[in-house]
Amino acid sequence: MATTIDCGPAARELLSRLNTPTRNRYYFGKLLDAYHLELEQEYGNRKRWLLNRLSLGTGVLCGLEVTPSADRTQVRVGPGVAIDDWGREIVVERDSPGVDARQPTDDCGICYHECEAEPAPVLVSGCERECENGLIRERYRLRITPGAPRVPGLVTAEQCQAIFSAAPDRDARRWKITETLGGLCREPAESCVPLAIIELDAEAKGARIDPIRVRPMLYSNAILLELILCL
């Protein structure tokens, strides 16, 4: 078992799968080896990510503004927080380094990313290893991909039409919502949170940044209440 889960098909499939949780059962004299201590971390992380994914959703919680450099060939992302499709928290604590808007990145290219850090001597080792990293830092990677972006939205126009075409009384509409939106748990579609569209001009320089069309937003209950009151 390992606590480092970054990206790639195997990691995504692992996080998408519904598994009954397993946690440590402590008793006097139990040996807390690396496996059981990792299991302890994994239990808390996986349950939190599951609740984030299925109850909170995916999107930007705050910040993460995308701004161009002076020559408009690079972009950087400001501080902020997002939740990816697997429920993992992506935290950017300060302005990111500049990224070349003309150069697409790889599949692990805002995305959740774990880094091992703080190497320390291994006091007992059966594999002749002298050092191991003692920390996992939950960081991020920026990804730039060409092509048409994914437009956010979980409820289709057809589903909206089906729900609101039902009789206006509460029981009929509740029945229609459950019938239309019920079923299996939604499988995650993307390991990264889209932040903006960067349109390049003929010289392949950053001509315009659109931070609205593809950016999914997550609003707190307090803000949602204020929006309801605005109606």
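**Helix 4, the nonpolar core, an open sheet and salt bridges**

Immediately after helix 4, G183 adopts a positive phi of about 125 degrees. The model described here is predicted. Helix 4 itself covers residues 170-181, and its 12 residues reach 16 Å from the first C-alpha to the last. This span is close to the 16 Å expected at 1.5 Å a residue. The helix is hardly covered, with a count of buried residues of 1 among its 12 residues.

The largest nonpolar core comprises 19 residues. Within this core, the residues that touch the most other members are L64, V77, I90, I110 and L195. Two elements, strand 3 (74-77) and strand 5 (89-92), give two or more residues to the core. In soluble globular proteins, nonpolar side chains tend to be buried together. For I90, the contacts were listed without its neighbours within four places in sequence. On that basis I90 is in contact with G80, V81, A82 and D84, with I110, C111 and Y112, and also with Y140 and V193.

An open sheet is formed by 3 strands in the order 1-4-5, with antiparallel pairing. Strand 1 (59-63) and strand 5 stand at the edges and have a single partner strand each, so one side of each is left without a neighbour in the sheet. From one strand to the next, the twist averages 15 degrees. Strand 4, made of residues 80-83, pairs with strand 5 in the antiparallel sense over 4 bridges. V81 has V91 of strand 5 as its bridge partner. V81 also appears among the contacts of I90.

Strand 8 (residues 131-141) contains R137. R137 counts as partly exposed because its relative accessibility is 48%, a value between the limits of 20% for buried and 50% for exposed. The C-alpha atoms of R137 and C115 are separated by 5.1 Å, although the two residues are 22 residues apart along the chain. When residues up to four places away in sequence are not counted, R137 touches C115 together with H113, E114 and A117.

Side chains of opposite charge can pair when their charged atoms come close. The structure holds 7 salt bridges, and three of the pairs are described here. In the first pair, the side chains of R46 and E42 meet at 3.5 Å, N to O. Both residues lie in helix 2 (residues 34-56), where they are 4 residues apart, about one turn of the helix. E42 has a relative accessible area of 10% and is therefore buried, the cut-off being under 20%.

A further salt bridge links E93 with R94, and the closest N and O atoms of this pair are 3.0 Å apart. Both E93 and R94 are exposed.

In the remaining pair, the side chains of R213 and D210 form a salt bridge at 2.6 Å, N to O. D210 counts as buried because its relative accessibility is 9%, whereas R213, with a relative accessible area of 48%, is partly exposed. E199, D210 and R213 are joined into one network by salt bridges that share partners.

Notes. Residues are numbered from 1 along each chain as its sequence is written. This is a predicted model: local features need pLDDT of at least 70, side-chain atom pairs count only at pLDDT 80 or more; totals for chains, interfaces and linings use all residues. Side-chain values use heavy atoms; hydrogens and water are left out. The expected span of a helix is 1.5 Å times one less than its number of residues. Buried means under 20% relative accessible area, exposed over 50%, partly exposed in between (1.4 Å probe, protein chains only). A nonpolar core is a set of buried Ala, Val, Leu, Ile, Met, Phe, Trp, Tyr and Cys residues joined through side-chain atoms within 4.5 Å. Contact means heavy atoms within 4.5 Å. Two strands pair if DSSP finds at least two bridges between them. Axes are lines fitted to C-alpha atoms, for helices over the stretch in contact, and angles run from 0 to 180 degrees between N-to-C directions. A salt bridge is a side-chain nitrogen of Lys or Arg within 4 Å of a carboxyl oxygen of Asp or Glu.
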